[in-house]
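Subject: Structure handover

Hello,

Here is the structure you asked about. Please open it alongside this email; my notes follow below.

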Amino acid sequence: MSRWCRTRASPPTEGTMAIESEVLVIGGGLGGLTSALAAARAGADVRLVSYKQSTLRNASGLVDILGYTPDGDGPLTDPYAAIPALPAAHPYSTVGVSTVRDAMALFDDVVPDYRGSHTDTNALVPTHGGTLKPTARYPAGASAGLASDERDVLLVGLESMVDFDADRAAEHLEAAGVPFDVRGVTTSFPGDLRADAKITRYAKLLDTDGEVSVKGRKRPVRAALAERVGRGLAGEQRVGFPAILGDDNATEIREELGDRLGADVFEVPMGPPSLPGLRLEDALFDALRRAGASIETGNPVAEFDGDDRIEQVYIEKNGAKIPNSADQYVLATGGLVGKGVESDRGGVYEPVFDCHVPHAEDRYDWFDTDVFGDHEFARFGVQTDDDLRPTQADGSAEFENLRAAGAVLGGYDFAAEKSGSGVSIATGYAAGRSAAQEAQ
Amino acid sequence: MSDAESPPEFDPEAPNTGEDFEPVDVFPDSDDFDLRPGADSCYKCSTCDTNCPVAEVDDEFPGPKFQGPEQWRLKQSEEDYDVDDSVMDCSNCMRCDNACPSGVPLSQMHNTARGEYVSEQMSKFSVEYWRNRILSNYRTSAWLASKMPRVANAAMNFGPARWVMEKTMGITSEREFPAFATETFREWWRAEGGAAGSRERAVASRERRGEDPDADKKVAYFHGCYSNYNTPEVGKAMVRVYEHFGYEVVVPEQKCSGTPMFANGMLDDARRHAEANISSMADLVEQGYDAIASCTSCSMALRQEYPELFDIDGVDEVSSHTFESLEYLRIHEDVRDELGAADVDGELAREFAYHAPCHARNQGLNNQAVELFRDVEGVGIEDVGDSCSGISGTYGWKSEKYDKSMEIGAEMFEHMEDADGKTGMTECPTCAMQMEHGTGYDIRHPLELLEAALVE
């Protein structure tokens, strides 16, 4: 198996001088972006490089801290209260609960249109599968859907969007014991959209309030949609749509639909690709640009120079190797989905710097035979010292100037705990701040 | 889980690109690239679809995931499978390439499918075929027009002539044809003394900068058709800026990069031009030159599309030595430092509304102009967002695509109007046409601003 990535440098493209910064963050997801923001706000000259588009596009847009304990207890009411009892290897234990609070404050400060910061208590947000997800922050667009609200709900499914079965979701919510009546209706989206129209097609049409053809008449899409849904409304004061209600003008669309329906409109977070995830990604990149960082996306970090200390890394572009150097580095390349942690038949590895990833020798021990069982692979990732520096098997730092943040870290199962966003934000914040302090 | 049937080894991260990759001989009679690993790597997350500007507005277009991996699989599994004609609705913006978290070579798949559609399914007697062929061979029209630019400028925007072009060819009469320069870039370059003149000026610059006068700083300029025939000021700025940094510039023989040909599935035409370009650039690369393009679609073609589509001697060497003009300086010179000390007065002391072309985005260059110029005294620059301009080269020139093109562009126009600057800036000639068409703004190239800031 060719591990293209795990290579120390061959000679760079001739005559190059490195693109320099004080802090170089590798990875453009929640962990990398938070890290870069924290470092830039601490006064460092920051550069963020990212290979492909981040997994935020696949994420629901909900920002959780901790929904369940590693033993499966929950949903937790107060995630902060549960953090001190987590195992020592958990990333939250490394950074500590007050850092989690500071990191969330940074998130609240830079990302507009999110709710939940008024309380430590988890909100319960209905998902497209009809479950209730405990989450610390949620997009403003989801706020009228909270399970703690006692007003009745109508869920609207669209015939062409098979990911969201409104009837089924409503039944699930009823079965979960929500304190209100919930009902599902399914309708067709107005106009002649193709059956497999992209979420961005719906969003664009709604953003621009484009005209659609209904029974041979041209009508603005928002009015046509509201009219169609309004026919199925039976006094419910809240109406939930799949999360396709616009990209740039989401608030305006929700308000207009709400006015026309005489009800509060909310979005139900959907699976990939996800507009709320996209909107969050855009908001964070905008904030980072405003903070003055330099950003380059589209090309991988393929090699590096250095032994105890990383001297420089090389970004590969069609065979050319472009050196980038910094005083401090943050590794935020993601986990198994984002490909910051890779595996093959021989083992599990971290592809950029080959940091140690603890795992069982026999790969049949990596998983449990029960689908929803306790899988070791779910916790794969680098282990770190107290300063988030990845460590070797003997506990010593791999490199003195490399910190890790987000899903590349091991020791926690974000899918089971509902802790993915919070860990990325908290460790990103801690790694970014620490890198900035050291660089100055 | 069976260990016995282990698949051949390929890295799903970078399908079909590594040297170690050995395709299994599944389709022994085919000379085509084996794109199976690309198709296999797609896990249908649809990230590519969310990046497609055409699928956002066009209800006929099924999007990149279908055009790429899904159609590729259909082609293999059904003997008489015809490439779906919707592949001609793809504008080749290549945004999906940069999007894929799984390394699927989407634009390579689209280009090969489109090439196959045009060569095997499209009638060579159709108006569409000839319209597309004329549009994609812009260099030929421009070469002809440059022989008598004033006459051409008048004729090309002559109302009745445009009406006829619309009716008979399907070339929209909504747009103004770009003006042809009365002196091409190459004519100017010869008058300036060509390579020998450039060497003299470069040596003088090195001495002034306190560098070794014999330093090995030399680049080959791929100006493309547009800088040569339409905006020679961009080519002149490139030469002056590079000479300012002590680079000797040569301007080798060159043809069209092939970008409009890829977008129209004219792969035989594209290959002919690519062969000429590679042949002239490969020799220079061997002598230590790097190839520099000022048009981001040209650099994209040399860097990515050539090696993805053509097996030509020297193609990989040229690819790895090709750079966009600002990018190269950023890697090799302390441009940021020099710009920090510079200030711009005169004609370009303005606020700019900058649009990053899709092809710049796909090379990771979408932030560089703003990052370079935002701290320069005397000018302001603002990014107008990440939407596509909508013209995508020849796409927006086709009558049946014009409305879609403007619908895609609406977001950019709106953001341009919201920006402080009333002058546009972009690297791509056709994005510039669209920006001007939608707002009436004057559109400039970053090299022109760099020249104004740094060159005496």
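Two strands pair if DSSP finds at least two bridges between them. That matters for the hairpin in chain A, where β5(A) and β6(A) are joined with five residues between them. One caution before the details: this is a predicted model.

The hairpin

Strand β5 covers residues 123–126 of chain A, and strand β6 covers residues 132–135. They pair in the antiparallel sense over four bridges. A:Ala123 sits opposite A:Thr135 in β6(A). In the turn, look at A:Gly130, which has a positive phi of about 85°.

Chain A overall

Chain A holds eleven helices and 20 strands. Its radius of gyration is 23 Å, and the globule rule gives 22 Å for 440 residues, so chain A is as compact as a globular protein of that length. The C-alpha trace spans about 70 × 50 × 40 Å along its principal axes. Of the 440 residues, 55% are buried. Take the contacts in chain A between residues at least 6 apart in sequence: 70% of these join residues at least 24 apart.

Two domains in chain A

The domain assignment splits chain A in two. Domain 1 is built from 18–26, 46–113, 278–334 and 344–423. Domain 2 is 118–271. Their C-alpha centres lie 33 Å apart. Where they touch, 20 residues of domain 1 are in contact with 16 residues of domain 2. On the domain 1 side, α2 (79–82) and α9 (275–290) of chain A each supply at least two residues. By class, that side has nine nonpolar, six polar and five charged residues.

One residue to look at

Is A:Ala431 buried or exposed? A:Ala431 has 34 other C-beta atoms within 10 Å. The cut-off for buried is 20 or more, so A:Ala431 counts as buried. A:Ala431 is found in helix α11 (residues 420–439) of chain A. Leaving aside neighbours within four places in sequence, its contacts are A:Ser35, A:Val330, A:Leu388, A:Arg403, A:Ala404 and A:Ala405. A:Asp78 is 353 residues from A:Ala431 along the chain, and their C-alpha atoms are separated by 25 Å.

Where chains A and B meet

The contact takes 36 residues from chain A and 34 residues from chain B. On the chain A side, the elements giving two or more residues are α6 (199–207), β14 (294–297) and β17 (320–331). That side divides into 13 nonpolar, 13 polar and ten charged residues.

A sheet in chain B

Chain B has an open sheet of four strands with parallel pairing, in the order β2-β1-β3-β4. β2 (248–250) and β4 (322–324) stand at the edges with a single partner strand each, so one side of each has no neighbour in the sheet. From one strand to the next, the twist averages 35°. Three bridges join β3 (residues 290–293) of chain B to β4(B), and the two run parallel. Within that pair, B:Ala291 stands opposite B:Thr322. Helix α16 (residues 296–309) of chain B packs on the sheet and touches β1 (218–222), β3 and β4 of chain B. The direction of α16 makes about 160° with that of β4(B).

Best wishes

Notes. Residues are numbered from 1 along each chain as its sequence is written. Chains are lettered from A and ligands numbered from 1 in the order in which they are written. This is a predicted model: local features need pLDDT of at least 70, side-chain atom pairs count only at pLDDT 80 or more; totals for chains, interfaces and linings use all residues. The radius of gyration is taken over C-alpha atoms; the globule rule is 2.2 Å times the number of residues to the power 0.38. A residue is buried if 20 or more other C-beta atoms lie within 10 Å of its own, exposed if 12 or fewer, and partly exposed in between; C-beta atoms are placed from the backbone. Two residues are in contact if their C-beta atoms, placed from the backbone, lie within 7 Å. Axes are lines fitted to C-alpha atoms, for helices over the stretch in contact, and angles run from 0 to 180 degrees between N-to-C directions. Ala, Val, Leu, Ile, Met, Phe, Trp, Tyr, Cys and Pro count as nonpolar, Asp, Glu, Lys and Arg as charged, and the others, Gly among them, as polar. Domain bounds come from an automatic or database domain assignment.
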